[in-house]
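User: I would like a close look at one part of this model, followed by an account of the helices and strands that make up the rest of it. Please take the residue first and then widen the view.

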Amino acid sequence: MHSAVQTRAIAHRQAVAAYVGPGSGAESEPSAGDEAHTSARDNFTSPEVTLGKRCHGAHLETLKLDITPVASHYQLIHYDVPCDLDAATHKLRVFGLVGAPAELSMAQLRALPHVSVPVVLECAGQGRVLMTRRLWQHVPWGVDAFGCARWTGCSLADVLRAAAPTAAARQVVFTGADLGVQEDKVQHFERALSLEDALELDAILAYEMNGAELTRAHGYPLRLIVPGWYGMASVKWLTSIELTDGSWTGLQMEAYAYARRAHDATLVPVQYLNVRALMVPPGAPDFFTRTRVVKPGTCRVEGKAWGGVFRVVKVEFSTDGSATWRPAVLNAEPNGPHGWQSWQFDWDAMVGSHVLSCRAIDASGAVQDALSDAQYNFNAMASTQPQQVYVRVVADAEVPGTHVDLAQELNAVQTVEKRGARLGAHRAHVETRLRGAAARAPLCASGAAALFKTPGSQ
Ligand SMILES: Nc1nc2c(c(=O)[nH]1)N[C@H]1C(S)=C(S)[C@@H](COP(=O)(O)O)O[C@H]1N2
Ligand SMILES: [Mo]
């Protein structure tokens, strides 16, 4: 039996698949001369690099922990961090179609009953580098746009009920203090929920993260947390909540949307989290490429998985670049209704090169996407192509002084990149050939192709 929220999540998923999924008639590639997208996986633009440093990703190794430390939790900040906000004077304005408008101080919010729960937060741009065409101005996330912090605050539903929405109220608009320009228009960061979602998603008006006051970058002094939805719904530096008749629309409803083209009038705004598993890359990393070095023998690979408003029922592991899958072991219970499920897989690591991947399946039967060059939606949102971790297994991998020659992998990658750049317009053809080669070749070659396909995924 699905809850009302889960039923809406399934309807949303179906709407997305019908709009931008396979066979939907969506453009599979931008047309020639497209300025909005990169033309290859390795040509990062200056805005991407700048934003990628300001808005850092999580450290994948923290997937070992049940709770992501604040400094390792990803961050996404569209404009500037508003550094003039002060908890002593901050006010949350609740207005619009309500019987009892209010201006609530932090002291008043803290006096209300509170909840304190781990919540998986994930940016909708997660895994964008795995798409053939990235949106060139946005953060080029690997699979690192996630975190599971413990958020403490009062219930959004309690505050909304106290404000007494009128019969005409349909929608709740959340406004952040941060101000900037996007699509040539000055604006605050704003995002809306339907009134029923705002009442039923267990959303939190949060003032603490991992037991301490919010940091400025994460929304001090007050932010919204919407469990089970991609991160754009969780508005930071919250200054107001407006109830409307449902007619409000704003740029972040379009920017974070499944679209077929720029300024798409019939786009589907991004909502629910997709199912996903991630692993702690095992062994030790090469500083620059993040290629892993592991010693032979049993290697316990650990990770976390989440399914948004659905439980994770299965995690699968692949040691051959996601050609074949074997079941991983789920450990105990998830760390809360909105947290994540830990899992492990004992891999018999043999000397050589390998590409490790994992994927999750949720209680509604949803499974992650397969690796694909064709997958594309205009805003490059919500990719669930599996993480790929390139591993070289060598004897004495843990002994300082051991010589490890990763030139073979580097050369393979550089050759692939050079070929791609040289052939320009024939890129798709090259990639098709590489895919064919990867299917036929021994593990080493498929490993190199996988590295090329997933810069930053480790
Ligand atoms: N006011 C405001 N809220 C915001 C944003 C923002 O730029 N401004 N970014 C959103 C996006 S897209 C994401 S993914 C999450 C990131 O939250 P975090 O930085 O705390 O991880 O915040 C959301 N809330
Ligand atoms: Mo995001």
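Where is the place of Arg54, and is Arg54 buried or partly exposed?

Analyst: In this model, which is predicted, Arg54 has its place in helix α2. Arg54 is partly exposed, because 15 other C-beta atoms lie within 10 Å, whereas a buried residue would need 20 or more and an exposed one 12 or fewer. Along the chain Arg54 is 85 residues away from Val139, yet the C-alpha atoms of the two are separated by 9.3 Å.

A further pair is found with Thr45, which lies in the loop between α1 and α2, the latter spanning 46-54. Thr45 is also partly exposed, having 14 other C-beta atoms within 10 Å, and it is 91 residues from Trp136 in sequence while the distance between their C-alpha atoms is 6.6 Å.

On the other side of that loop is helix α1, which covers residues 4-20. With its 17 residues, α1 reaches 24 Å from its first C-alpha to its last, close to the 24 Å expected at 1.5 Å a residue. Ala9, Val16 and Val20 are buried in α1, and because these buried residues fall within an arc of 30° when seen down the helix axis, they line one face of the helix. The face turned away from that buried side carries the exposed residues Ala4, Ala11 and Gln14.

Helix α4, residues 156-163, can be described in a similar way, with Leu156, Val159, Leu160 and Ala163 buried. Down the axis of α4 the buried residues fall within an arc of 100°, so they too line one face of their helix. Ala164, which follows α4, has a positive phi, near 55°.

Turning to the strands, β4 runs over residues 146-155, and 8 of its 10 residues are buried, so this strand is largely enclosed by the rest of the structure. Strand β3, residues 114-122, runs antiparallel to β4 and is joined to it by 9 bridges, with Leu121 having Gly147 of β4 as its bridge partner. β4 also pairs with strand β7, residues 204-209, in the antiparallel sense over 5 bridges, and here Cys154 has Leu205 in β7 as its partner.

One open sheet is formed by 5 strands in the order β2-β1-β10-β5-β6, with mixed pairing. Its edges are β2 (102-105) and β6 (185-194), each of which has a single partner strand, so one side of each is left without a neighbour in the sheet. Neighbouring strands of this sheet are turned against each other by 25° on average, direction ignored. The partner of β6 is β5, residues 171-182, and the two pair in the antiparallel sense over 9 bridges, among them the one between Gly180 and Gln187 of β6.

The surroundings of ligand 1 can be set beside this sheet. Of the 19 residues that surround ligand 1, the closest are His78, Cys123, Gly176, Phe189 and Gly231; Gly176 falls within the residues given for β5, and Phe189 within those given for β6. By character the shell divides into 9 nonpolar, 8 polar and 2 charged residues.

Another open sheet has 6 strands in the order β14-β15-β22-β21-β17-β18, and its pairing is also mixed. The edge positions belong to β14 (284-285) and β18 (326-327), each with a single partner strand, so each has one side without a neighbour in the sheet. Within this sheet, β21 (residues 352-362) and β22 (residues 388-393) run antiparallel and are joined by 6 bridges, and Gly352 stands opposite Val393 in β22.

Strand β20, residues 341-349, is joined by 9 bridges to β16, residues 297-306, the two running antiparallel, and Gly303 stands opposite Trp343 of β20. β20 also pairs in the antiparallel sense with β19, residues 329-331, over 3 bridges, in which Val329 has Gln344 of β20 as its bridge partner.

To return to the starting point, Arg54 is a partly exposed residue with its place in helix α2.

Terms used. Residues numbered from 1 in each chain as written. Chains lettered and ligands numbered in written order. Predicted model: local features only at pLDDT ≥ 70, side-chain atom pairs only at ≥ 80, totals over all residues. Near = placed C-beta within 6 Å. Nonpolar A, V, L, I, M, F, W, Y, C, P; charged D, E, K, R; others polar. Pairing = 2+ DSSP bridges. Helix = DSSP H or I, 4+ residues; strand = E, 2+ residues; numbered from the N terminus. Axes fitted to C-alpha atoms, helices over the stretch in contact; angles between N-to-C directions. Arc of directions from axis to C-beta. Expected span 1.5 Å × (residues − 1).
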